[in-house]
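Please look through the sequence and the model that follow, and then read on for a report that begins with pairs of charged side chains and goes on to the interior, the surface and the confidence.

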Amino acid sequence: MNSEIKRKDIVYISVLIAILLLFTLVEPFQFSFLVGESMEPTISDGSLIVYTQYAEIEESDIIVFTKQENLIGHRVIDIEGENYITKGDNNDTIDRGKVTPSEVKGKIIYHTELFTKNETT
(Lines give C-alpha, C1' and ligand atoms only; values in the text may rest on other atoms or scores of the structure.)
Protein backbone atom coordinates (compact mmCIF):
# COMPACT_ATOMS: atom_id res chain seq x y z
CA MET A 1 0.00 0.00 0.00
CA ASN A 2 2.86 2.38 0.77
CA SER A 3 4.36 1.88 -2.68
CA GLU A 4 0.92 2.52 -4.24
CA ILE A 5 0.72 5.85 -2.47
CA LYS A 6 4.22 6.77 -3.56
CA ARG A 7 3.44 5.88 -7.18
CA LYS A 8 0.26 7.94 -6.99
CA ASP A 9 2.21 10.91 -5.59
CA ILE A 10 4.86 10.58 -8.30
CA VAL A 11 2.20 10.52 -11.02
CA TYR A 12 0.45 13.60 -9.55
CA ILE A 13 3.69 15.52 -9.26
CA SER A 14 4.80 14.52 -12.76
CA VAL A 15 1.49 15.62 -14.28
CA LEU A 16 1.61 18.89 -12.34
CA ILE A 17 5.17 19.62 -13.52
CA ALA A 18 4.16 18.87 -17.12
CA ILE A 19 1.18 21.23 -16.83
CA LEU A 20 3.30 23.98 -15.29
CA LEU A 21 5.93 23.64 -18.02
CA LEU A 22 3.25 23.74 -20.71
CA PHE A 23 1.74 26.89 -19.20
CA THR A 24 5.08 28.69 -19.09
CA LEU A 25 5.86 27.81 -22.72
CA VAL A 26 2.48 28.84 -24.15
CA GLU A 27 1.82 32.16 -22.43
CA PRO A 28 3.13 34.06 -19.41
CA PHE A 29 1.53 32.59 -16.31
CA GLN A 30 2.11 33.16 -12.63
CA PHE A 31 1.90 30.61 -9.83
CA SER A 32 1.14 31.07 -6.16
CA PHE A 33 -0.44 29.37 -3.19
CA LEU A 34 -3.77 30.77 -2.03
CA VAL A 35 -3.84 31.13 1.74
CA GLY A 36 -7.08 31.32 3.71
CA GLU A 37 -10.53 29.79 3.75
CA SER A 38 -12.47 32.61 2.06
CA MET A 39 -12.79 30.72 -1.26
CA GLU A 40 -13.73 27.32 0.18
CA PRO A 41 -15.12 24.98 -0.98
CA THR A 42 -14.16 26.18 -4.49
CA ILE A 43 -10.47 26.67 -3.68
CA SER A 44 -9.05 25.22 -0.47
CA ASP A 45 -6.55 26.86 1.85
CA GLY A 46 -3.05 26.23 0.50
CA SER A 47 -4.11 25.37 -3.05
CA LEU A 48 -1.66 26.00 -5.86
CA ILE A 49 -3.17 28.53 -8.29
CA VAL A 50 -2.19 29.46 -11.83
CA TYR A 51 -3.23 32.88 -13.08
CA THR A 52 -2.64 35.12 -16.06
CA GLN A 53 -2.99 38.83 -16.61
CA TYR A 54 -3.82 38.27 -20.26
CA ALA A 55 -7.32 36.85 -19.81
CA GLU A 56 -10.48 38.93 -20.07
CA ILE A 57 -12.19 39.25 -16.69
CA GLU A 58 -15.95 38.80 -16.45
CA GLU A 59 -18.49 38.45 -13.66
CA SER A 60 -18.14 35.12 -11.79
CA ASP A 61 -14.42 34.82 -12.65
CA ILE A 62 -11.98 34.38 -9.77
CA ILE A 63 -9.24 36.99 -9.82
CA VAL A 64 -6.02 37.53 -7.92
CA PHE A 65 -5.39 41.03 -6.61
CA THR A 66 -3.38 42.85 -3.98
CA LYS A 67 -4.75 44.84 -1.05
CA GLN A 68 -2.32 46.26 1.50
CA GLU A 69 0.45 44.04 0.08
CA ASN A 70 -1.67 40.87 0.55
CA LEU A 71 -2.35 38.58 -2.41
CA ILE A 72 -6.08 37.76 -2.46
CA GLY A 73 -8.11 35.47 -4.70
CA HIS A 74 -11.85 36.26 -4.79
CA ARG A 75 -14.77 35.99 -7.18
CA VAL A 76 -15.91 38.98 -9.26
CA ILE A 77 -19.58 39.54 -8.48
CA ASP A 78 -20.00 42.85 -10.33
CA ILE A 79 -18.08 45.20 -12.59
CA GLU A 80 -18.49 48.96 -12.22
CA GLY A 81 -16.68 50.75 -15.02
CA GLU A 82 -13.07 49.54 -14.78
CA ASN A 83 -13.39 48.42 -11.15
CA TYR A 84 -14.41 45.05 -9.72
CA ILE A 85 -16.67 44.21 -6.79
CA THR A 86 -15.42 40.95 -5.25
CA LYS A 87 -16.40 38.43 -2.60
CA GLY A 88 -14.94 35.25 -1.22
CA ASP A 89 -17.24 32.27 -1.84
CA ASN A 90 -17.09 31.44 1.88
CA ASN A 91 -17.73 35.02 3.03
CA ASP A 92 -21.15 36.42 3.97
CA THR A 93 -20.52 39.94 2.63
CA ILE A 94 -18.80 41.54 -0.34
CA ASP A 95 -15.25 42.83 0.04
CA ARG A 96 -14.74 46.33 1.33
CA GLY A 97 -13.80 48.72 -1.46
CA LYS A 98 -13.55 48.16 -5.17
CA VAL A 99 -10.62 46.40 -6.82
CA THR A 100 -8.94 48.73 -9.29
CA PRO A 101 -7.19 47.58 -12.48
CA SER A 102 -3.78 48.42 -10.97
CA GLU A 103 -4.47 46.00 -8.09
CA VAL A 104 -5.44 43.08 -10.35
CA LYS A 105 -2.65 40.54 -10.91
CA GLY A 106 -4.73 38.22 -13.10
CA LYS A 107 -7.50 35.71 -13.54
CA ILE A 108 -7.20 32.26 -11.97
CA ILE A 109 -7.29 29.68 -14.75
CA TYR A 110 -6.27 26.58 -12.81
CA HIS A 111 -5.98 25.40 -9.22
CA THR A 112 -5.11 22.16 -7.49
CA GLU A 113 -5.35 20.88 -3.94
CA LEU A 114 -2.47 18.48 -4.54
CA PHE A 115 -0.30 20.10 -1.89
CA THR A 116 -2.98 21.13 0.65
CA LYS A 117 -3.60 19.73 4.07
CA ASN A 118 -7.12 18.83 2.84
CA GLU A 119 -5.78 16.33 0.31
CA THR A 120 -6.63 12.77 1.23
CA THR A 121 -4.51 9.83 0.12
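The structure, which is a predicted model, holds 4 salt bridges, a salt bridge being a side-chain nitrogen of Lys or Arg within 4 Å of a carboxyl oxygen of Asp or Glu. Side chains of opposite charge can pair when their charged atoms come close. Three of these pairs, with their N to O distances, are set out here.

| Salt bridge | Distance, N to O |
|---|---|
| Asp 61 and Lys 107 | 3.3 Å |
| Lys 67 and Glu 103 | 3.1 Å |
| Glu 80 and Lys 98 | 2.6 Å |

Residues are numbered from 1 along each chain as its sequence is written, and side-chain values use heavy atoms, with hydrogens and water left out. Because the model is predicted, local features need pLDDT of at least 70 and side-chain atom pairs count only at pLDDT 80 or more, while totals for chains, interfaces and linings use all residues.

Asp 61 lies in the loop between β2 and β3 and Lys 107 in strand β6, so their salt bridge ties together parts that are 46 residues apart in sequence; helices (H or I, at least four residues) and strands (E, at least two) are DSSP runs, numbered from the N terminus. Asp 61 is buried, with a relative accessible area of 13%, and Lys 107 counts as buried at 18%, where buried means under 20% relative accessible area, exposed over 50%, and partly exposed in between (1.4 Å probe, protein chains only). Glu 56, found in the loop between β2 (47–52) and β3 (62–67), is exposed, with a relative accessible area of 59%. Leaving aside neighbours within four places in sequence, Glu 56 is in contact (heavy atoms within 4.5 Å) with Asp 61 and Lys 107. The C-alpha atoms of Glu 56 and Lys 107 are 7.9 Å apart in space, although the two residues are 51 apart in sequence.

The pair of Lys 67 and Glu 103 ties together parts that are 36 residues apart in sequence, since Lys 67 lies in strand β3 and Glu 103 in the loop between β5 and β6. Lys 67 is partly exposed, with a relative accessible area of 22%, whereas Glu 103 counts as buried at 18%. Beyond neighbours within four places in sequence, the contacts of Glu 103 are Val 64, Phe 65, Thr 66, Lys 67 and Lys 98. Lys 98, which is partly exposed at 39% relative accessible area, has its own salt bridge with Glu 80.

Turning to the interior, the largest nonpolar core has 8 residues, namely Leu 34, Met 39, Ile 43, Ile 49, Tyr 51, Ile 62, Val 64 and Ile 108, and β2 and β3 are the elements that give two or more residues to this core. Such a core is a set of buried Ala, Val, Leu, Ile, Met, Phe, Trp, Tyr and Cys residues joined through side-chain atoms within 4.5 Å. Apart from the largest core lies another, of 7 residues, among them Ile 57, Phe 65, Val 99 and Val 104.

As for confidence, pLDDT is the predictor's confidence in each residue, from 0 to 100, and the protein averages 86, with 85% of the residues scoring at least 70. Confidence is lowest in helix α1 (residues 2–26), at a mean of 70, and highest in β5, at 98. Helix α1 is also the place of Ile 13, which is partly exposed, with a relative accessible area of 38%.
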